[in-house]
Structures are given as C-alpha cells and as structure tokens.
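The following account leads the reader through one chain, from a single residue outward to the strands and then to the whole. It is best read with the structure in view.

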Amino acid sequence: MTFAVPAKQFAIVIDDIGNHQRDLELLSLPGGITFSILPHTPFSQQFAFAASRQQRELLLHVPMQAQDSEKALGPGALTTDMEKWQLQMTLGNALSTLPQVKGVNNHMGSALTEQIEPMKWTMEILKKRGLYFLDSRTTSHSQAQYAANLYGVKNVARQVFLDNDISTEALNKQWQHMLKLLDNHEHVIIIAHPYKETAAFLAAKLAELESIDAKLVPVSQLVEQKYVRLAEIAEQHAISGQLRLQE
C-alpha cells in the first residue's frame, strides 16, 4: 500500500501554557493548533479540561535544566543531578496530572537534553505510556531523538521558533521562513508562545491559509505520517533485498 502524503502540512505548538488565566483565550484560535501545558501550574487543569472539550491536541511541556543555571525552571522540572528514580518519578507525577496529553516536549532543556542517560530514562517512561516526543531543539547537541529511537518512542523535532522577537517585522520574517521550508520539506513544526502579539498574528495568518495552499494539522498527524513513511521504506528495502537474492 502506498501512503499518499498531502502537500504542505505544518503544525503550530504554543508552549508555556498554564501560568495565566488569559491562556484560555488562545482556544479561540482556529483548530489544529497543539498546546503544550506546563505541569503543576495554576491554570493547567482548567486549560486541559477546556481544550479537551474542543478536542484540541495537548502536550506536556516538561521543564528541563538549561545551560544557564540562573533560569527558573518551575515545578516538575527534570535536572542533571537527579538519579534515575527521581527523574522518572517526577516525570510520572507530572504526566499523571494531565492524562489528556498525546506527547511531551521540553521546556528549555539545553543542558539536560545533551545528556544521554537522562534522555534514556525519559524515553522509558514515554514508551510505557505510548506517548511521542517533540524535541524543542534548544541545543544543536540534543540527544533526545537518538534516545527516543533507541527505545522505540515516536519522535519529531521543531524547525522554527516563531516569536523569540514579537515585533510584527520579526513575526512576519519567521512566518516567511516557515513557508520557504515548506517548499522543500514534507512538513514543518513551529513553536510559539502565549504572547498577545503572537495570538493576534496567528489569528490573522491562519485566516489566510487557503491563499498559501498549506494545511495546519496537529503534531500527532505529522508523527504518524513519518512512521508510515519509514515503514514503507523498510518494506521496499526488504523487497529489493529478496529480489537481489533471487537473481
């Protein structure tokens, strides 16, 4: 069976959800956006409940240690000094508070995701729970996807940060960068944040989607398509190998 991949698909993940009541206003944005919720935050449960009623896709946004040790990670953080049991218990507790999530991505994490053992311990938990991992790619030396592949955890990576600069000019520049990537990639994953400027920008741009011939989809849809394609490639290689043996 050949899997037909629709042209030009992209996913938008809005990180850092849960600290403010105003985050709930983001649910007025068009469907297809994925929201990533920080664990143990004041509005995490209210947001998850409201989002689930709209059948929105949710991730757990797990705080992970950054290279800059002065950065506040918040509750539920995974750090480089944790033993395996501590890290897995902390992650398990956070996941138990948000059973609606389909996957996990890292909040910060430029230090922790570079270390292979903590990433293995993380993937052990995700494998048991059937969750995928989105690498936010806060460091080019991340070991997260390597560890995910070792443990059979489905995974993808962020390609664009939309709003490190929230000026209109900068937001437009990143949006155009995403569109350019779509010309040469099967999909693009963008990470944004719950700023009012970002919300207004996305509302305007998503209203123009038909004009750019691109479809906004939840991250899980891109994850599943990736693994269907990999299965097809493996099948084709197996068939080619059998044919060579028969020659």
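Which residues does I12 touch, not counting residues up to four places away in sequence? In this predicted model, the contacts of I12 are I33, T34, W175, I190, L202, L206 and L216. I12 itself belongs to strand β1, and because its relative accessibility is 0%, below the 20% limit, the residue counts as buried. A separation in sequence may also be set beside one in space: I12 and G130 are 118 residues apart along the chain, and their C-alpha atoms are 22 Å apart.

Two of the residues touched by I12, T34 and I190, lead to the strands that pair with β1. Strand β1, which covers residues 9–17, is joined to β8 by six bridges, and the two run parallel. Within this pairing, F10 has V188 of β8 as its bridge partner. With β2, strand β1 also pairs in the parallel sense, here over three bridges, and I17 stands opposite I37 of β2.

Strand β8 spans residues 187–192, and six of its six residues are buried. In a regular strand, side chains alternate between the two faces of the sheet. In β8, H187, I189 and I191 lie on one side and V188, I190 and A192 on the other, and both of these faces are covered. Strand β7, residues 160–161, also runs parallel to β8 and is joined to it by two bridges. There V160 stands opposite I190, the residue already met among the contacts of I12.

On the other pairing of β1, strand β2 comprises residues 34–37. T34 and S36 point one way from this strand, F35 and I37 point the other way, and all four are buried. Strand β2 is in turn joined to β3 by four bridges, again in parallel, with E57 of β3 as the bridge partner of T34. T34 thus appears both as a bridge partner of a β3 residue and as a contact of I12.

Strand β3, residues 57–64, continues the series: six bridges join it to β4, and these strands too run parallel. M64 stands opposite M108 of β4. Strand β4 covers residues 103–108 and is mostly covered, with six of its six residues buried.

Where does G76 lie? It is placed in the loop between β3 and α2, the latter formed by residues 84–97. Although G76 is a loop residue, its relative accessible area is 17%, and because the limit for burial is 20%, it counts as buried. Leaving aside residues up to four places away in sequence, G76 touches P39, H40, V62, P63 and T90. Of these contacts, V62 and P63 fall within the range of β3, and T90 falls within that of α2. G76 and H61 are 15 residues apart in sequence, with 9.8 Å between their C-alpha atoms.

The whole chain may now be considered. It has eight helices and nine strands. Its radius of gyration is 19 Å, close to the 18 Å that the globule rule gives for 247 residues, so the chain is as compact as a globular protein of that length. Along its principal axes, the C-alpha trace spans about 65 × 50 × 35 Å. Of the 247 residues, 50% count as buried. Among contacts between residues at least 6 apart in sequence, 72% join residues at least 24 apart.

The exposed area is about 12400 Å², of which carbon and sulfur atoms supply 51%. The chain carries 22 positive and 26 negative side chains, and the centres of the two sets lie 4 Å apart.

Terms used: Residues are numbered from 1 along each chain as its sequence is written. This is a predicted model: local features need pLDDT of at least 70, side-chain atom pairs count only at pLDDT 80 or more; totals for chains, interfaces and linings use all residues. Side-chain values use heavy atoms; hydrogens and water are left out. The radius of gyration is taken over C-alpha atoms; the globule rule is 2.2 Å times the number of residues to the power 0.38. Buried means under 20% relative accessible area, exposed over 50%, partly exposed in between (1.4 Å probe, protein chains only). Contact means heavy atoms within 4.5 Å. Accessible areas come from the Shrake-Rupley method with a 1.4 Å probe; for residues, only the protein chains shown count as cover. Lys and Arg count as positive and Asp and Glu as negative; His and the chain ends are not counted. The place of a charge is taken as NZ of Lys, CZ of Arg, CG of Asp or CD of Glu. Two strands pair if DSSP finds at least two bridges between them.
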